[in-house]
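This report walks through a protein chain for a reader who is new to structures. Please keep the sequence and the 3D view open while reading.

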Amino acid sequence: MIFLPERTILGQLEIIEVYDFYDKPVLFSCKNKSGLIFTVLCVDSSDLAEIWLYAPISSSKFQRVVQAEVELRDIFIDTEDAFVYQVEIPYEDDLNVVVKTVDCNEIPDEYLPALGQVIESQENCDDTNIEKVSTQKRREIIDFVLQFPGKEIAEAPVGDLGLILYTLQETIDAIGQIKLGKSESHIIQPEVKQKTQVVMSGVFSGSFGMRLEGTVYEEDSLGLGESFLGQCLKEFIQLINLGANTEELPAKLNVLKRKTAFKYTEFLKALTRIGISKLHIDWASPGIKVQTGEIELETVFKVLDVIKNTKIRAETEIYVNVKLTQINYSSRTTTLQEVGSRKKYKCFIADSAIKDVETISKTLVYVATIQDYVILSPVVDKEKHEYELLSLKLQTNSENIQINF
């Protein structure tokens, strides 16, 4: 069952802020693509559906609401247009949502909040408690702090700062690509970017801090676990905290694939340009305790060196018809040339292929299974490849003929 109605006269809705939560948001504000704001309250349920009231509200009145200047009851009985929308959302997904208008003076009293209640908005709470802010707003909250040597600053170079934020977003997007099961070789799709987008909502001192936020989408917001963006941020925090670990960092990058490794490299290089001493991240997800990530500038350089020498397994193995050019049993290396091409593969011979090459001949055509590894070079977006021969089998069709050099 969904709690935000879809394909109705209310338009395409997105959450602004959640004020009360019980298994799902039960009191919240939202808006549609046209900018119309609603205050929404779950008021009743039956065996078939839940009943919600959507009170349309102007931007000026909404500001008074979040400042606790308007009682919750008055939001519904005193709308500017003198009516609210009553929305019945069936439990069965294949049934239609029913939306009808109800005059404010005809709303059943049992649907209305008690007198004296006001909305406890994020606007009225201590915004340094990001765990509370995240729960109240139903958003991912990231405090992203660039610490500078021995000083606090109130400003930062736009170019360097912009590059840091740009590469941060691209790294999260790349992680999202893998988490959604998309091929790393494809351009990151809009459906991924929509789910992984973060925005900057404020800055603060100590040294230079930025509050970043991300939307918890409807399918992720029912209290059943981490949101999709939360999963991506968790992976990013883990990358930061792995530092320059020569075993765990390459293993993690092999899980998150080549695109993530490239983008993370660009992010780390952006950090080195602005002169920080340390990056500190506090991240809060709705209903989950705050997690932190931290990396010093000295470690950033070490991480870049580890990544530069990390072999990242390509997404797919290579299957190719080859001839033997050279083989060295002592070093377990062989050079194979693709049939009909000048392409050569200099391969390390894996254990699985040792027996296959014991009787290899330069006069025969073989089908090779080769694992491609990408090694990131010091130059961003450049790479070199290493190959591992996994198996080598004789061609079995009629084209398998002797070839003389």
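Arg 7 has its place in the segment before strand S1 (13-21), where helices (H or I, at least four residues) and strands (E, at least two) are DSSP runs numbered from the N terminus. The model is a predicted one, in which local features need pLDDT of at least 70 and side-chain atom pairs count only at pLDDT 80 or more, while totals for chains, interfaces and linings use all residues. Residues are numbered from 1 along each chain as its sequence is written, and side-chain values use heavy atoms, with hydrogens and water left out.

**Backbone angles**

Although Arg 7 is not a glycine, it has a positive phi of about 55 degrees. Most residues other than glycine have a negative phi. With a relative accessibility of 80%, Arg 7 counts as exposed; the word buried stands for under 20% relative accessible area, exposed for over 50%, and partly exposed for what lies in between (1.4 Å probe, protein chains only). Lys 257 is another residue other than glycine with a positive phi, here near 75 degrees. Lys 257 is placed in helix H7 (residues 248-273), and at 22% relative accessibility it counts as partly exposed. A glycine can be added to these two residues, since Gly 181, just after H4, takes a positive phi of about 75 degrees.

**Helix H4 and two distances from it**

Helix H4 (residues 158-179) has 22 residues, which at 1.5 Å a residue should span 32 Å, and its end C-alpha atoms are 31 Å apart, which agrees; the expected span is 1.5 Å times one less than the number of residues. Gln 169 lies in this helix, H4, and is buried, with a relative accessible area of 16%. From C-alpha to C-alpha, Gln 169 and Thr 325 are 45 Å apart in space, and 156 residues separate them in sequence. Asp 372, found in strand S16, is buried at a relative accessible area of 10%, and its C-alpha is 21 Å from that of Ile 175, with the two positions 197 residues apart in sequence.

**Salt bridges**

How many salt bridges does a search of the whole structure find? The search finds 15, where a salt bridge is a side-chain nitrogen of Lys or Arg within 4 Å of a carboxyl oxygen of Asp or Glu. The table gives three of these pairs, with the distance between N and O atoms.

| Salt bridge | N to O distance |
|---|---|
| Asp 109 and Arg 73 | 2.5 Å |
| Lys 311 and Glu 386 | 3.6 Å |
| Asp 351 and Arg 332 | 2.6 Å |

The pair of Asp 109 and Arg 73 links distant parts of the chain, 36 residues apart, with Asp 109 in the loop between strand S6 (98-103) and helix H3 (130-137) and Arg 73 in helix H2. Arg 73 counts as buried, at 16% relative accessibility.

The pair of Lys 311 and Glu 386 also links distant parts of the chain, 75 residues apart, joining strand S12 (residues 311-313), which holds Lys 311, with strand S17 (residues 383-394), which holds Glu 386. Lys 311 is partly exposed at 40% relative accessibility, and Glu 386 is partly exposed at a relative accessible area of 34%.

In the pair of Asp 351 and Arg 332, 19 residues apart, Asp 351 sits in the loop between strand S15 (344-349) and strand S16 (366-376), and Arg 332 in the loop between strand S13 (318-328) and strand S14 (333-338). Asp 351 is exposed, at 62% relative accessibility, whereas Arg 332 is partly exposed, at 24%. Salt bridges that share partners also join Lys 179, Glu 235 and Lys 252 into one network.

**A buried strand residue**

Ile 281 lies in strand S10 (residues 278-285). Is Ile 281 buried or exposed? Ile 281 counts as buried, because its relative accessibility is 2%. The C-alpha atoms of Ile 281 and Glu 294 are separated by 6.2 Å, and the two residues are 13 residues apart along the chain.
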